[in-house]
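Q: Please take a close look at one part of this predicted model, a single buried leucine in a helix, and then set that part in the context of the rest of the chain.

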Amino acid sequence: MEPQHLISYKAALQQKRDPAYRRIVRWMWRLMALGIVGVLTVFLIINFTAIPSFRELEDPNSAVASEVLANNNEVLGRYYIENRVPVDYEDLSPHLVNALISTEDLRYREHCGIDIKAVARVVFRTILMADQSSGGGSTITQQLAKMLYSDRDFVGMGPLQKTGKLVYMKLREWITAVKLERSYTKEEIIAMYLNQFNFINNAYGIHAAAEIYFGKTPQTVTVQEAAVLIGMLNNPSYYNPNRFPDRTIRRRWTVLSRMRDSGFLTEAQFDSIKVLKLDMSRFKKVNFTDDKAPYLCAELKKDLETILQMPECRRPDGSMYDYYKDGLKIYTTIDPAYQQHAEEAMQEHMKKIQGRFFQVWRGRDPWRYKGSETTDDEIASRQSAFRRLIRESDRYQSLRPKYFDALEAKIKEDFDFNLRDIDIERMLEEEKKPGSISKLVGKQLVTASQSAAYRRIMNSKDWTAIKNQYTGLQANVKKQMETPVKMKVFSWSGKNFERDTFMSPRDSIRYHRMFLQTGMLAVDPTTSEVKAWVGGINFKYFQYDHIRSNRQVGSTFKPFVYATAIAQQGISPCFEIYDNAVTIPAHYMNFQHSTDWTPKNSTGTYSGARMNLFSALKNSVNTASAYLMKQLGDTRPITGLCHNMGIDSTERRIPEGSPAICLGAADLKVWEMAGAYATFANKGMFSEPFVIRKIEDKNGRVIYRSIPEERAALPANANWVMLEMLKYNVKGAPGIGSLKSEIGGKTGTTNDYTDGWFMGVTPRLVVGTWVGGEDRWIRFLSLADGQGAKMARPICASFLQKLEKDPKSGYDYNARFVKPTGDLGITMDCAAYHGAETPDGNSDDESFSPDIYGDEDTPPPTGDKKKKTDDGFGDEDN
């Protein structure tokens with residue numbers, strides 16, 4: 001028993017301690033309550049501020065590729081920042097689902113977004129026991145939650161900040177995971193997860209991954225392919241099957257073994273699959289040049305930008321759709337069979353004439369070649385154009401900033417002038433030849449303010465530095481541009497149309513610039529739907545589209561002149577003229593030319609022969625077109641008809657008031673010409689060609705639909721006459737006579753054989769074809785090689801032949817043009833026209849018998865071979 005004094009001492013001590021204990025306990029409870037409140041507050045803050053809303057979870061902020069679809073819904077191309085095409089759970093192979101659950105989240109079907117057992121395992125084994133092989137604790141839902149955020153950046157953070165942010169992000173992911181589980185089914189979450197994941201190599205989402213790595217859809221991948229794709233989820237760069245096949249095979253084995261352990265594979269299945277080789281034969285990176293109609297897809301972006309700005313084509317809130325991110329469906333009229341046959345016909349012919357082109361130019365330099373009429377100024381212009389190509393090259397652009405960034409900034413500050421290479425070259429020329437800048441001002445190539453700026457700069461202290469830097473840049477560029485390096489170049493005979501070679505960059509520019517280009521458009525005249533679009537020979541190397549670019553049209557314009565004369569003056573195609581010089585005096589009637597105009601034929605002579613309009617158009621006799629032009633007395637009737645046929649004459653691409661338009665002195669587009677000629681095939685009714693049928697947003701809501709509108713452009717009787725004349729034009733022409741289709745057409749060849757055209761017309765398809773060089777001096781040197789009948793017509797003929805031989809194409813070669821009912825009012829029987837005319841000049845017999853001068857390939861009656869075009873665009877073959 002303790003002494004009384006000791007008991008009293010302890011009691012007194014306890015009395016002193018009680019208040020302190022009570023204060024500690026009270027503070028402990030307060031801290032605990034504060035902690036609970038703090039955690040709840042953090043959870044609430046995260047839940048109401050940082051967690052995606054239900055709408056955001058349903059429509060996650062990820063860029064979804066927009067697709068350009070053919071008329072059978074086949075994908076022609078995509079626009080994307082991320083090549084992502086979402087799929088539904090039903091579109092996933094069971095192998096993908098089984099592999100995913102086995103590898104990433106075995107208890108996926110059991111938990112509510114957070115796997116407590118996995119979290120406990122991570123805490124105990126990974127954190128406390130430091131066992132790094134114990135695996136992670138994130139569920140599939142948590143991984144999806146993690147992908148919905150893009151703020152995992154710890155740059156510049158200290159250890160405490162980094163830890164705090166990690167805790168915050170983990171709490172946020174847990175809350176988001178629970179919210180996802182409450183909002184979606186397990187199947188929807190799996191689909192969302194696989195749609196969100198970046199499988200690299202431009203494969204965003206499982207749809208793109210299956211397509212790029214194995215050339216399949218997510219529904220058709222095999223077990224071993226599914227194991228590869230799911231294995232990439234761990235680290236797509238490390239397990240990239242295209243770069244690291246051995247790693248990928250080991251990772252595939254891991255996924256397959258987990259599928260076996262989970263009961264999704266039998267032992268026998270596992271044993272048979274694990275030894276299979278990794279087949280990457282169908283791997284194909286997706287980029288814009290791999291689109292099935294790349295020129296079309298590139299050009300359609302211009303249309304989309306216009307369409308999506310229209311108020312009725314915007315989102316409900318008035319904002320614009322972004323075709324790079326909003327998953328639009330652009331349904332087009334393109335027929336894949338037509339597109340394929342058009343591409344093949346183009347490639348076969350262009351390969352052939354390119355070989356001939358290189359033969360013609362062997363040992364010659366197009367940039368220095370001087371013909372009989374080539375001026376020194378023209379040669380200088382060609383050289384300047386070639387220097388511009390060098391300046392636009394990647395090598396030049398990468399070198400220039402090192403020499404001029406600082407100087408350009410100083411010139412801008414001191415003279416308020418943006419210094420360009422062309423400016424430096426002009427000033428150097430002025431220093432070498434005083435007065436050069438004044439001449440440029442006189443030619444309106446340089447403004448007065450530019451001229452003044454040049455002189456101020458040349459008189460400044462900076463001019464010496466500019467010259468020195470420019471000299472240094474040019475020396476460096478010259479060295480790099482003239483040093484042969486290993487490179488790939490375009491080649492018609494190479495695999496995938498390219499080959500490896502050693503070539504200097506300068507020679508590479510010259511080599512590629514010497515390839516002839518083409519533009520080809522096929523339009524159904526009955527619906528105005530564009531069926532095929534070939535904008536060039538190869539989009540990877542030549543990305544400029546030639547369907548909507550202006551080129552001089554030559555004799556393909558003459559049918560518009562003939563049609564105007566027939567429609568307005570009732571002239572019969574049997575009407576005869578003499579092939580003699582026709583002069584239209586200056587300012588004659590309503591013309592606006594200032595000097596007398598007397599065009600020559602392509603032979604440079606006049607035959608004096610008498611011929612009807614059938615033969616005159618067939619042989620592109622310039623005097624006949626000039627005669628009709630003089631009879632009309634004005635260009636406006638022709639430009640008015642062109643306007644009604646879809647050619648915008650207000651853009652001044654058709655010389656206003658100049659009689660030379662009757663010979664084809666107009667710069668027009670293949671698009672316009674195809675639409676205009678489709679009018680002939682559509683009973684004189686014009687409807688603007690269209691290629692976009694409709695556009696849907698990613699939810700299937702139609703935001704745009706094309707509504708074709710027809711208008712009368714040419715009277716039915718005059719239109720029928722023109723059809724017969726166009727048919728006569730091509731009668732017996734090589735490649736045309738063997739066609740089953742009823743066909744008419746017109747070739748065109750411009751001066752110096754710069755442009756070759758053929759416009760083909762059938763009842764169900766109008767085909768416009770242009771062939772020429774990017775530069776006008778990239779051309780053949782003779783009519784025998786450079787005429788439209790040789791450069792362009794064979795492509796159209798081959799295309800139609802391929803369609804006729806392909807029963808799956810759906811092309812109707814049995815269709816025939818329908819003659820208007822009743823009396824045409826225009827005589828078509830030339831025998832009757834000259835022998836038994838009725839008092840009104842019309843024949844009762846409208847049968848067609850114009851064969852006076854023979855087949856298309858027969859020259860005019862003089863027998864003179866045509867050697868060159870002159871003023872106009874005559875063609876040997878039409």
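A: The residue to begin with is Leu-300, which belongs to helix α12, spanning residues 294–307. In this predicted model, the relative accessible area of Leu-300 is 0%, so the residue counts as buried, the cut-off being under 20%. Once neighbours within four places in sequence are set aside, the contacts of Leu-300 are Val-68, Tyr-79, Thr-332, Val-691 and Ile-692. A further reference point is Ile-330, which lies 30 residues from Leu-300 along the chain, with a C-alpha to C-alpha separation of 9.6 Å.

The setting of this residue can be read against the protein as a whole. The chain has 878 residues, of which 50% are buried, and its secondary structure amounts to 30 helices and 18 strands. Among contacts with a separation of 6 or more, 71% join residues 24 or more positions apart.

Helix packing offers a second view of the interior. Helix α3 (residues 94–104) packs with helix α7 (residues 186–196) at an angle of about 90°, and their axes are 12 Å apart. That angle falls within 65 to 115 degrees, and α3 and α7 are therefore roughly perpendicular to each other. On the α3 side the contact is formed by Val-97, Leu-100 and Ile-101, and on the α7 side by Ile-190, Tyr-193 and Leu-194. By class, this contact comprises six nonpolar residues, with no polar and no charged ones.

Helix α23 (residues 622–632) shows how a helix can be mostly covered, with eight of its eleven residues buried. The buried residues of α23 are Asn-622, Thr-623, Ala-624, Ser-625, Ala-626, Leu-628, Met-629 and Leu-632. Their cover includes the helices α21 (558–569), α22 (613–618) and α24 (636–644), together with strand β9 (576–578). Just after α23 comes Gly-633, with a positive phi of about 75°.

Positive phi values also occur at residues other than glycine. Lys-683 has a positive phi of about 60° although it is not a glycine, and its place is the loop between α25 (670–681) and β12 (685–687). Tyr-753 likewise has a positive phi of about 60° without being a glycine; Tyr-753 sits in the loop that joins β16 (744–749) to β17 (755–761). The two residues differ in accessibility: Lys-683 is exposed, because its relative accessible area of 54% is over 50%, whereas Tyr-753 counts as buried at 7%.

The elements on either side of Lys-683 reappear in the description of internal space. The structure holds two cavities of 30 Å³ or more, and the second largest has a volume of about 30 Å³. Its lining consists of Pro-525, Ser-528, Gly-675, Ala-678, Thr-679, Asn-682, Met-685, Phe-686 and Ser-687. The elements that contribute two or more residues to this lining are α25 and β12, the two that flank the loop of Lys-683. By class, the lining of the second largest cavity has four nonpolar and five polar residues, and no charged ones.

To return to the starting point, Leu-300 of helix α12 is a buried residue with a relative accessible area of 0%, and its contacts beyond four places in sequence include Val-68 and Ile-692.

How values were computed: Residues are numbered from 1 along each chain as its sequence is written. This is a predicted model: local features need pLDDT of at least 70, side-chain atom pairs count only at pLDDT 80 or more; totals for chains, interfaces and linings use all residues. Side-chain values use heavy atoms; hydrogens and water are left out. Helices (H or I, at least four residues) and strands (E, at least two) are DSSP runs, numbered from the N terminus. Buried means under 20% relative accessible area, exposed over 50%, partly exposed in between (1.4 Å probe, protein chains only). Contact means heavy atoms within 4.5 Å. On a 1 Å grid over the protein atoms alone, a cavity is a set of points where a 1.4 Å probe fits but cannot get out, and a pocket is an open set with protein on both sides within 12 Å along at least five of seven lines; lining residues have an atom within 4 Å of a point. Grid points are joined across faces, edges and corners, and a volume is the space filled by probe spheres set on the points. Ala, Val, Leu, Ile, Met, Phe, Trp, Tyr, Cys and Pro count as nonpolar, Asp, Glu, Lys and Arg as charged, and the others, Gly among them, as polar. Axes are lines fitted to C-alpha atoms, for helices over the stretch in contact, and angles run from 0 to 180 degrees between N-to-C directions. Angles under 35 degrees count as roughly parallel, over 145 as roughly antiparallel, 65 to 115 as roughly perpendicular and the rest as oblique.
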